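Biologist: Hi! Could you pull up the model so we can go through it together?
Modeller: Sure, here it comes.

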Amino acid sequence: MADLVVRNGRLVCPNEIKEGALVVDDGRIAVILPPDESVEAKQVVDAHGCYVLPGGIDDHVHFNDPGY
């Protein structure tokens, strides 16, 4: 059982944007599944109509403020 599945989203990959599900386990992307496959997970997020950026980093993080 995976920790998290983000399903029904538009996955923005390096070479294409595709429909599918992103499976996260132990804090890492485990697999990207086609839209017709499913997997059991502790948490499921329905990203219908949204873009999903696997591995994206929030660039609004305050890197210069350690611990604050």
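Biologist: Let me start with one residue: is Glu19 buried, partly exposed or exposed?
Modeller: Glu19 is partly exposed, with a relative accessible area of 45%. Do keep in mind that this is a predicted model.

Biologist: Good to know. Which residue does Glu19 form a salt bridge with?
Modeller: Its partner is Arg10, and the closest N and O atoms of the pair are 3.6 Å apart. Arg10 is partly exposed too, at 32% relative accessible area.

Biologist: How many salt bridges does the structure hold?
Modeller: There are 3 salt bridges in the structure. One of them joins Glu16 and Lys18, with 4.0 Å between the closest N and O atoms. Glu16 has a relative accessible area of 43%, which makes it partly exposed, and Lys18 is partly exposed at 31%.

Biologist: And what does Asp3 pair with?
Modeller: Asp3 forms a salt bridge with Lys42, where the closest N and O atoms lie 3.3 Å apart. This pair links distant parts of the chain: Asp3 sits in strand β1 (residues 2-12) and Lys42 in strand β4 (residues 41-46), 39 residues apart.

Biologist: Are those two buried or exposed?
Modeller: Lys42 counts as exposed because its relative accessibility is 63%, and the cut-off for exposed is over 50%. Asp3 has 27%, so it counts as partly exposed.

Biologist: Switching topic to cysteines. How many disulfides are there?
Modeller: The structure holds 0 disulfides.

Biologist: Remind me, what is a disulfide in chemical terms?
Modeller: It is a covalent bond between the sulfur atoms of two cysteines.

Biologist: Right. Then is Cys13 buried or exposed?
Modeller: Cys13 counts as buried, with 18% relative accessibility. Cys50 is partly exposed, at 39% relative accessible area.

Biologist: What about the inside: which residues make up the largest nonpolar core?
Modeller: That core has 7 residues: Val6, Leu11, Cys13, Leu22, Val24, Ala47 and Val52. Strands β1 and β2 (17-25) each supply at least two residues of this core. A second, separate core has 6 residues, including Ala2, Val5, Val23 and Leu33.

Biologist: Back to the largest core for a moment. What does Val6 touch?
Modeller: Not counting residues up to four places away in sequence, Val6 touches Gly20, Ala21, Leu22, Val45, Ala47 and Val52.

Biologist: Val52 is in that list, so where does Val52 lie?
Modeller: Val52 lies in strand β5 (residues 51-52). It counts as buried because its relative accessible area is 12%, and buried means under 20%.

Biologist: Which residues is Val52 in contact with, leaving aside the close neighbours in sequence?
Modeller: If we set aside neighbours within four places in sequence, Val52 is in contact with Val6, Gly9, Arg10, Leu11, Val12, Leu22 and Ala47. For Arg10, the C-alpha atoms of the two residues are separated by 5.8 Å, although they are 42 residues apart along the chain.

Biologist: Last topic, the surface. Which residues make the nonpolar patch?
Modeller: Val12, Ile17, Tyr51 and Leu53 make a nonpolar surface patch of about 410 Å². Val12 is found in strand β1.

Biologist: How accessible is Val12?
Modeller: Val12 counts as partly exposed, at 31% relative accessibility.

Methods: Residues numbered from 1 in each chain as written. Predicted model: local features only at pLDDT ≥ 70, side-chain atom pairs only at ≥ 80, totals over all residues. Heavy atoms only, no water. Salt bridge = Lys/Arg side-chain N within 4 Å of Asp/Glu carboxyl O. Helix = DSSP H or I, 4+ residues; strand = E, 2+ residues; numbered from the N terminus. Buried < 20%, exposed > 50% of the residue type's maximum accessible area, 1.4 Å probe, protein only. Contact = heavy atoms within 4.5 Å. Patch = residues over 30% accessible without salt bridge, like charges linked within 9 Å, V, L, I, M, F, W, Y side chains within 5 Å. Areas by Shrake-Rupley, 256 points an atom, 1.4 Å probe, with all protein chains shown as cover. Disulfide = S-S within 2.5 Å. Core = buried A, V, L, I, M, F, W, Y, C linked by side-chain atoms within 4.5 Å.
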